[in-house]
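Here is a colleague's note for your first look. Keep the sequence and the 3D view open, and take the points one at a time.

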Amino acid sequence: MTTWFESPDDAAARLRETGYLTDDATALTAYLAGALEKPLLIEGPAGVGKTELAKAVARATGAELVRLQCYEGLDEARALYEWNYKKQLLRIQATGTDQAWSETHDDIFTEEFLLTRPLLGAIRRDEPTVLLVDEVDKTDIEVEGLLLEVLSDFQVTIPELGTVTATRRPFVVLTSNASRELSEAVKRRCLFLHLDYPDAERERAIVTSQVPRLDERVVAQLVDVVVRLRELELKKAPSIAESVDWARTLIALQVGDLDEATVARTLGVVLKHSSDQQRAMKELKLPR
Amino acid sequence: MSLLDTHIGFVEALRSAGLSVSLAEGLDAISALEKVHWHDRETVRAAYAATLVKRQPQRVTFDAVFDIWFPRLVGSGVAGDGLEPASGPQDTGPDLERFREALADALASGDGQAQDGRTLQDLAVEAVARFGAMPGRGPGLSSWSAYTSLQRVSPGELLDRLVQGLLGEGLDDEHAQRVAGRRIGEFTRLVEGDARRRIAEEKGPAHVVDVTVRPTIDRLDFTAARRSDLEEMRREIYPLARRLAARLTKEQHARRRGPLDVRRTVRASIATGGVPLTTHHRPKRPHRTDLVVLCDVSGSVANFAQFTLMLVFALREAFSGVRAFTFVDDVVEVSDSFRPGADVVEVMDSLAGRISQAALWGRTNYGRALTRFAEEHPDAVGPRSSLLVLGDGRSNYSDLALPVLGELAGRARHAWWLNPEHPRHWGTGDSAADRYGEIVAMVECRNLAQLGEFVHGIV
């Protein structure tokens with residue numbers, strides 16, 4: 001049995017070492033997810049570091065990250081396991097006719113012919129594993145049903161082989177953009193964490209740690225503008241990923257001071273809708 | 001009360017406030033609490049939140065209930081033992097002056113601390129203790145009032161001073177106003193919270209939860225919304241439209257099996273030796289409706305109409321065409337306000353500007369509006385279009401023009417009437433909802449959740 005983190009403070013410190021700055025609630029929830037061995041469901045707007053948290057946990061604990069990217073049309077064969085039927089066919093043809101069917105049958109439904117997919121793979125691993133199920137809301141309802149067995153008991157039932165139970169429970173992280181309500185059954189089995197835009201202080205720290213070459217004064221200016229942008233009614237408010245991109249842009253342009261003209265020139269990095277840009281121009285009284 | 005009682009009571013209170021907390025989640029919360037230290041109230045809050053709250057909009061409700069069940073201090077706390085309610089006609093009292101000085105100090109400093117190190121939270125506690133007490137009321141009446149303390153302290157009057165101070169720090173005028181407003185709002189919120197805490201202490205938390213906790217934003221009635229709620233709702237519209245659109249595409253994909261696509265099926269069958277193991281189908285062409293929206297924009301229901309219009313236009317790809325008309329007692333077309341990709345705030349402003357055009361005398365008159373609509377835009381409603389009327393059906397006892405509506409509804413493919421009032425109010429007073437309801441289907445639509453469901457249903 002692994003202990004993932006010793007305490008909430010330990011979680012915060014070790015995640016910080018890998019470059020992921022948490023707030024108290026995030027650190028506590030990450031610790032609880034490890035301590036209770038429950039999956040962690042993370043929701044929040046795009047670009048606030050949902051996926052990054054899973055990666056940071058993997059880095060901090062020295063575990064391997066197994067990732068299942070969800071999309072519409074994802075099915076059992078690509079999430080859980082699949083029989084390698086081509087190899088099975090070859091096997092049947094190769095044995096000829098002298099072997100009894102029952103023997104062949106026992107032969108072709110063995111480990112050798114099983115193609116493991118991320119979910120089964122994560123459960124069967126003996127080393128510490130972080131299982132990231134990314135963008136769960138993109139899948140169909142049926143896949144959620146599939147996840148239930150995996151998430152609650154950490155086991156997979158394969159009719160021909162029996163039930164595979166995790167020898168070592170993985171640290172499971174599910175992320176969602178809330179484009180669809182997940183079913184109650186999935187939510188009930190998970191711990192829930194809503195990641196939101198950070199406060200100005202933490203955002204400054206994040207930008208500084210990600211882009212250490214940028215002058216601190218410019219970082220403060222940048223975060224100031226981003227915070228003001230978030231107060232406007234925009235279609236897509238800028239998130240941390242955009243702040244960091246912006247900081248990198250300023251480095252690339254070798255800008256030493258974020259004045260209004262520079263903001264106006266580089267606004268496209270943070271705002272991706274033209275109506276949002278116009279609104280920002282107007283509200284921040286930027287020169288065109 | 002034992003710890004277990006508190007836990008059970010807390011979970012019960014959450015349930016009665018509308019959060020669906022299952023037994024299993026309650027047990028999870030307990031095992032989570034076993035794993036953390038209890039010395040910090042915020043840790044307990046985060047542990048409860050992680051295990052019990054699974055939907056972000058419910059977080060506000062959760063926080064309110066948590067503050068009542070797990071108050072941050074009892075009475076005035078250890079530090080505030082000396083606080084007595086000030087007596088006499090205190091508006092000129094030296095206590096008040098001193099307090100306001102300290103408050104101005106704390107508001108002006110960036111970290112919310114006065115010179116003597118007291119935080120805004122401490123000051124809020126003091127404000128309620130000193131100036132919010134209402135002694136002499138009968139038993140069973142609340143003896144603390146956030147309203148009284150805020151009236152006496154009146155932080156709003158400190159606004160100008162605060163703005164001046166911020167201007168001195170080099171902020172521009174607009175920014176200073178905003179920062180000052182936010183800090184004063186923060187203090188107001190703290191005072192309200194502290195008054196709730198004290199009342200809960202006297203009357204028991206269960207009672208206070210019933211009375212003070214408001215429904216989540218998507219369940220809040222349009223008609224009961226405050227100004228700040230409306231802004232929050234407006235922010236919700238775009239995400240709601242996005243969720244609906246995602247759901248619609250998914251459902252259309254699920255229903256997509258149209259006629260057999262022979263070409264693709266035969267092609268695919270080559271891989272399996274000519275046996276068509278999987279069949280391929282042509283996608284079904286989704287049916288798209290032509291929507292005509294007719295909105296009452298008179299004062300009582302204006303917000304409701306705006307939200308519905310915004311949602312409908314945000315989903316315009318799902319319809320083949322949308323035309324919108326607003327009326328009070330005259331009709332004006334507003335479709336052109338909704339350009340694709342237009343800015344939300346601008347649309348709202350232009351809609352508000354158009355309201356005056358829709359009113360001749362300024363009193364809602366459904367009969368006249370319907371007649372004018374039928375006369376001026378006879379081509380708007382046809383056999384392919386669906387008619388959507390938004391309004392409370394309160395027509396100031398004027399002529400209802402029932403035959404005109406009947407004729408319009410008869411011409412349209414479908415017709416609905418969305419009413420932001422509770423069904424029990426339909427047909428009371430000057431409401432003609434029941435009589436209109438005999439002609440077109442009257443649908444109750446009081447909050448964002450119901451609105452979302454309805455719009456999803458008609459697409």
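**Notes on the predicted model**

1. Start with Cys295(B). This residue is buried, because its relative accessible area is 0% and the cut-off for buried is under 20%. Keep in mind that the model is predicted.

2. Now look for a partner. Cys295(B) is in no disulfide. The nearest cysteine sulfur is that of Cys445(B), 12 Å away. Cys445(B) also counts as buried, since its relative accessibility is 0%. Why is there no bond from Cys445(B) to Cys295(B)? Their sulfurs are 12 Å apart, which is too far for a bond, because a disulfide needs the two sulfur atoms within 2.5 Å. The search of the whole structure tells the wider story: zero disulfides over all chains.

3. Next, the domains of chain B. The assignment gives domain 1 as 3–69 and domain 2 as 90–203. Domain 3 is written in two pieces, 229–255 and 287–458. Over C-alpha atoms, the centres of domain 1 and domain 3 of chain B are separated by 40 Å.

4. Turn to the surface of chain B. Leu4(B), Ile8(B), Leu23(B), Leu27(B) and Ile30(B) make a nonpolar patch of about 490 Å². Two elements give two or more residues each: helix 1 (3–16) and helix 2 (23–35) of chain B. Helix 2 of chain B gives the largest share, three residues.

5. Pick out one member of that patch. Ile8(B) lies in helix 1 of chain B. Is Ile8(B) buried, partly exposed or exposed? It counts as partly exposed, because its relative accessibility is 47% and the exposed class begins over 50%.

6. Helix 10 of chain B, residues 205–212, is a good one to view end-on. Its buried residues are Pro205(B), Val208(B) and Val209(B). Seen down the helix axis, they fall within an arc of 105°, so they line one face of helix 10 of chain B. The general rule helps here: an α-helix has 3.6 residues a turn, so residues three or four places apart point the same way. On the other side of helix 10 of chain B, Asp210(B) and Val211(B) are exposed.

7. Finish in chain A. Asp106(A) sits in helix 6 of chain A, residues 101–108. Asp106(A) counts as exposed, because its relative accessibility is 52% and the cut-off is over 50%. Now compare sequence with space. Asp106(A) and Leu161(A) are 55 residues apart in sequence, while their C-alpha atoms are 9.9 Å apart.

Terms used: Residues are numbered from 1 along each chain as its sequence is written. Chains are lettered from A and ligands numbered from 1 in the order in which they are written. This is a predicted model: local features need pLDDT of at least 70, side-chain atom pairs count only at pLDDT 80 or more; totals for chains, interfaces and linings use all residues. Side-chain values use heavy atoms; hydrogens and water are left out. Patches are made of residues with over 30% relative accessible area and no salt bridge: like charges are joined within 9 Å, nonpolar side chains (Val, Leu, Ile, Met, Phe, Trp, Tyr) within 5 Å. Accessible areas come from the Shrake-Rupley method with a 1.4 Å probe; for residues, only the protein chains shown count as cover. A salt bridge is a side-chain nitrogen of Lys or Arg within 4 Å of a carboxyl oxygen of Asp or Glu. Helices (H or I, at least four residues) and strands (E, at least two) are DSSP runs, numbered from the N terminus. Buried means under 20% relative accessible area, exposed over 50%, partly exposed in between (1.4 Å probe, protein chains only). Domain bounds come from an automatic or database domain assignment. The arc is that of the directions from the helix axis to the C-beta atoms.
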